[in-house]
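Work through the exercises below with the coordinates open. Try each task before reading its solution.

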Amino acid sequence: MNRRNFINGVARVAALLGLGGLAARLLQHAQVAHTVWQIDPWKCTYCGKCATECVLELSAVKCVQFYDICGYCDFCTGYFEPQPNKLSTGAENQLCPTGAIVRKFIEDPYYEYTINEPLCIGCAKCVKGCTLFGNGSFHLQIKHDRCVNCNECSIAKACPANAIHRIPSNKPYLFKTREGKPS
Amino acid sequence: MATALAQRFPPPEFTETGHQMPTLTGFPSRALAWDYVDVVVLFVALALAAWLVLRRRSRRGVIALSIFSLLYFGFWRKGCVCSIGSMQNITQALFDSAYAVPLTVLAFGVLPLVFALFFGRVFCAAVCPHGAFQDLMLLRPLHTPTWLEHGLRLLAYVYLGLAAIFAATGGGYIICQYDPFIALFRLSGSLTMILLGVGFLAASLFIGRPYCRFLCPYGVLLGLAAAVARWRPSITPSACTQCSRCEDFCPFNAINISTPKPAPLQPPSPMAQKIRLTVLLLLIPIFVGLGLWLGDAAGAALARKHRVVNLAERVHLETSGTVQGTTEASEAFHAAGTPQEKLFGEAHTLRERYVRAGRLGGIWVGLVVGIKLLTLGFRRKRERYETDAEHCLACARCFEFCPQDQKWKQILAQAPHPVHAADATK
């Protein structure tokens, strides 16, 4: 064994020990094995960037309806244009650019609104209407059957409200509740 | 504690119809099994690459594995998470206690380095989809002048330093943001990134793996590990005839030539050598000092790229009346009702962290430049053409160009028992 081989061997063992130490330290610290990206609905400012900044052709972000906090309003400010001609399902009255919200009569004066997910582009127009003037039951979530879980979420990077974070993958959605915003 | 009820309108009571509210459905979790499959595939591919390069000495095998890696890690798994990017997760986990690195990401970061410590850069050879993509595009390599090669290689060290600064301070993952191939793997992305990817591929037709050689930050670490590797490919399985074909055909300038005999120049006197060594050693602290000074300034400038620092500056300008109007970010900040002092405090802490990280980064670059000059100033005596362990991407091309290797392979093909070419060298 010559001198060069000896030095290389020492450096190699040192590097292996270093890598082992690094891994051990990180493993000790790791409480969650996996994380996914998710939108905090309380922080979201419905700017519309979710529809355009995602790396996917059709964003992984979709609007979801939380029936629990929905008011079932006849004049739904998430469904209708600010000053609709008529409270009807006519396309000219709808806020949604793709007609992805289904309005169904239940009983006077209540209507149920459901998102037709394949049509939704995550533009947040309905979220804005519903949150500013209604109960805020419409809000955006990243759907994990669509999200490719990029190491750096490009929507998170562009989000003006810093509302997108990594969360544990065993609880991958952040839902609003009737109790309101947690402190 | 919860704030007041969020509802403006009370929940309805369906007295007439007794309608039941639908329960929420369609919230699938992420399919995590694939993440573990990826780690297994990575391990098998690394082992296979090591075997193909060091035992089989087979360029064809390397090409086949490259195609598989490109399709699997690139186009099928969409390139995320990759070993190159995983360095940022590991760095962030070291500096930010709130961030815990996922196990699979840690495996992606560490496994190729461990393999490099034993077998050289077999990850680059046929496992990394970025490398495979460029390597398969290589049509007609042009020779890069040595001075340019050494100069451009330094870019990767600077890039690694920058990526570490941003990851450690929570400023984002720049390696991922400016990854030239990811948009092609996903077949979607911004126009700039697609053009960048296509540009890199076009360059790869004539320049051997430009990203790997001159930019890849992970390649720097793999190179350092490979420099002390236990086994490395030997170009010829028998005696080197000094034909220089391997050096002529290596597209990556990764072959060290044997010392010419007789020496074309009078060797410098021992005294002159000592003086040169002293000068080069003295230059290292000068470069480090220069790096420190530049890093200090760079840290403060880089801090402004961080969203919190950026927002704090904007809010400060708005409240002092220097600028009119608001941005989307400052509007969101005002709407959230966070006290300004808290934001300014955070920004101040961040700026200090950036300056500290910038200084460290500057020291790193200074050291690299100094040591590079030192190693360039001295040439080791070599009996034969050898792979430059640090920069050899283990592509197995040189075996094909070595007449001795071809001769051996012919002899072995006629041998009664199947023998590996690598055994012939013993």
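**Exercise 1.** State how much area is buried between domain 1 of chain B and domain 2 of chain B, and describe the contact.

*Solution.*
Step 1. Take the area first. In this predicted model, the two domains of chain B bury about 1,300 Å² between them. Buried area is the accessible area (1.4 Å probe) that two parts lose on being put together, summed over both. Carbon and sulfur atoms give 75% of the figure for the two domains.

Step 2. Fix the bounds. Domain 1 of chain B covers 36–259 + 384–424, and domain 2 covers 270–377; such bounds come from an automatic or database domain assignment. Their centres, taken over C-alpha atoms, are 30 Å apart.

Step 3. Count residues. Domain 1 of chain B puts 17 residues in contact (heavy atoms within 4.5 Å) with 15 residues of domain 2 of chain B.

Step 4. Count polar links. Between these domains there are zero salt bridges (side-chain nitrogen of Lys or Arg within 4 Å of a carboxyl oxygen of Asp or Glu). Five residue pairs are in polar contact, both at pLDDT 80 or more. A polar contact is a pair of N or O atoms within 3.5 Å; within protein, one must be able to donate a hydrogen and the other to accept it, and residues adjacent in sequence count only if both atoms are side-chain atoms.

Step 5. Find the main contributor. On the domain 1 side, helix 7 (residues 146–168) of chain B gives the most, with eleven residues. Helices here are DSSP runs (H or I, at least four residues), numbered from the N terminus.

**Exercise 2.** Describe the contact between chain B and chain A, and identify the partners in its salt bridge.

*Solution.*
Step 1. The contact takes 71 residues from chain B and 74 residues from chain A.

Step 2. About 5,900 Å² is buried between the chains, 60% of it on carbon and sulfur atoms. In chain B, the most area is lost by F27(B), R30(B) and R307(B), together 11% of what that side buries.

Step 3. The chains share one salt bridge. E328(B) pairs with K49(A), with the closest N and O atoms 2.5 Å apart.

Step 4. Polar contacts number 21 residue pairs, both residues at pLDDT 80 or more. Helix 4 of chain B gives the most to the side that touches chain A, with eight residues.

**Conventions.** Residues are numbered from 1 along each chain as its sequence is written, and chains are lettered from A and ligands numbered from 1 in the order in which they are written. Local features need pLDDT of at least 70, side-chain atom pairs count only at pLDDT 80 or more, and totals for chains, interfaces and linings use all residues, while side-chain values use heavy atoms, leaving out hydrogens and water.

Methods
Helices (H or I, at least four residues) and strands (E, at least two) are DSSP runs, numbered from the N terminus.
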